[in-house]
Amino acid sequence: MKITIFNDDQLGIIKNDRVIDVSQVANWDSNDTTASFHYLVEYFETLKPSIEQETQTGESYSLAEVDLRLPVPTTGKIWAAPVNYKKHQEEMNKQFNNAPRTVEDLALFLKSPDSLSGPSDPIRLPFQNRRTDHEAELGYVVGKAAKNVAAADAKDYIFGYFALLDISIRGNEERTWRKSFDTFTPIGPWIVTADEIEDPNDLSIKLWVNDELRQDGNTKHLIYDCYKCFEVACDHMTLQPGDVIATGTPEGVGPIESGDVVRIEVEQVGGFSVPVEGSE
Ligand code: MN
């Protein structure tokens, strides 16, 4: 299923070019999307038949006419994989003379949960004089609490996937600081539940800036694949339902500026476009 939060924070399912409001059958409270989302994730298997049923008869809207909102209303934490594609490592070394390290040496880093933003919210650049880059990634949201879960079992713990932008200021500061500004983690356009993604480790990822194709990668080139990222994120520590994982970016990263439009597309998942703005 493709799950969205839309318009006045209703819960919707996307079918073809329609959005069906399933708020009622999912006990969804638009005034408390955080609690409602956790309930949905926890009881999804139980709720699924009545949600399916509601998509046949429930009130529906044209997809083109609704506002798609941030599909994970709040998150406890965002774990992200640094330098998780070989060719991205090569381009970083070429441009910045960074030490040639990958996710295997660096492990994961945290982004602020408040950096999440929706699939039509603008990216706001905090500084005019700092290079700020796009990174197109596959992201996912955790469905069940997990600790010491091996990669081989990770599939059962992932609720669903989305396209994710890991917006990054370049420089020598900690990754956590450079990547945690408000609006620096747009996700969307919705959540595709894990049962609909046969192999998350073989999906094309593309990104355009103003219609110029900048990134054209595939998750099959991940160094730590989606499941290995999960294993590392819960190795001797706990992942909670609603936590987000950013799996890393392929080559082709580059700067964005106020006035640009950034578009990301992930195969089988979908895509979105967001404008870039300067800070007020
Ligand atoms: Mn990244």
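Start at the seam between domain 1 and domain 2: across this interface there is one residue pair in polar contact. Keep in mind as you click around that this is a predicted model.

To see which parts of domain 1 make up its side of the seam, select strand 1 (2-6), helix 1 (33-42) and helix 2 (44-57), the elements that each give two or more residues to the side touching domain 2. Now colour that side by residue type: you should get six nonpolar residues, two polar ones and two charged ones.

Next, find the salt bridge. The interface of domain 1 and domain 2 has one. Show the side chains of lysine 48 and aspartate 195, which meet in a salt bridge with N to O at 3.5 Å. In general, side chains of opposite charge can pair when their charged atoms come close.

Zoom out and give each domain its own colour. Domain 1 covers 2-65 and domain 2 covers 78-278. Their C-alpha centres lie 25 Å apart. How many residues of each are in contact? Ten from domain 1 meet twelve from domain 2. Switch on a surface next: the two domains bury about 960 Å² between them, and 72% of that is on carbon and sulfur atoms. On the domain 1 side, pick Lys2, Ile3 and Val41, which lose the most area to domain 2 and together account for 54% of what that side buries.

Now for a small sheet. Select strands 13, 10 and 18, in that order: these three strands form an open sheet with antiparallel pairing. Which strands sit at the edges? They are strand 13 (168-169) and strand 18 (254-255), each pairing on one side only. Look more closely at strand 10 (residues 132-134), which runs antiparallel to strand 13 and is joined to it by two bridges. Click aspartate 133, and you'll find serine 168 of strand 13 standing opposite.

One last stop takes you back to charged side chains. The structure holds 13 salt bridges, so let's visit one of them. Select aspartate 166 and lysine 111: their closest N and O atoms are 2.6 Å apart. Where does each partner sit? Aspartate 166 is in the loop between strand 12 (158-165) and strand 13, while lysine 111 belongs to strand 7 (residues 109-111). The pair links distant parts of the chain, as the two residues are 55 residues apart.

Definitions and conventions: Residues are numbered from 1 along each chain as its sequence is written. This is a predicted model: local features need pLDDT of at least 70, side-chain atom pairs count only at pLDDT 80 or more; totals for chains, interfaces and linings use all residues. Side-chain values use heavy atoms; hydrogens and water are left out. Domain bounds come from an automatic or database domain assignment. Contact means heavy atoms within 4.5 Å. Buried area is the accessible area (1.4 Å probe) that two parts lose on being put together, summed over both. A salt bridge is a side-chain nitrogen of Lys or Arg within 4 Å of a carboxyl oxygen of Asp or Glu. A polar contact is a pair of N or O atoms within 3.5 Å; within protein, one must be able to donate a hydrogen and the other to accept it, and residues adjacent in sequence count only if both atoms are side-chain atoms. Helices (H or I, at least four residues) and strands (E, at least two) are DSSP runs, numbered from the N terminus. Ala, Val, Leu, Ile, Met, Phe, Trp, Tyr, Cys and Pro count as nonpolar, Asp, Glu, Lys and Arg as charged, and the others, Gly among them, as polar. Two strands pair if DSSP finds at least two bridges between them.
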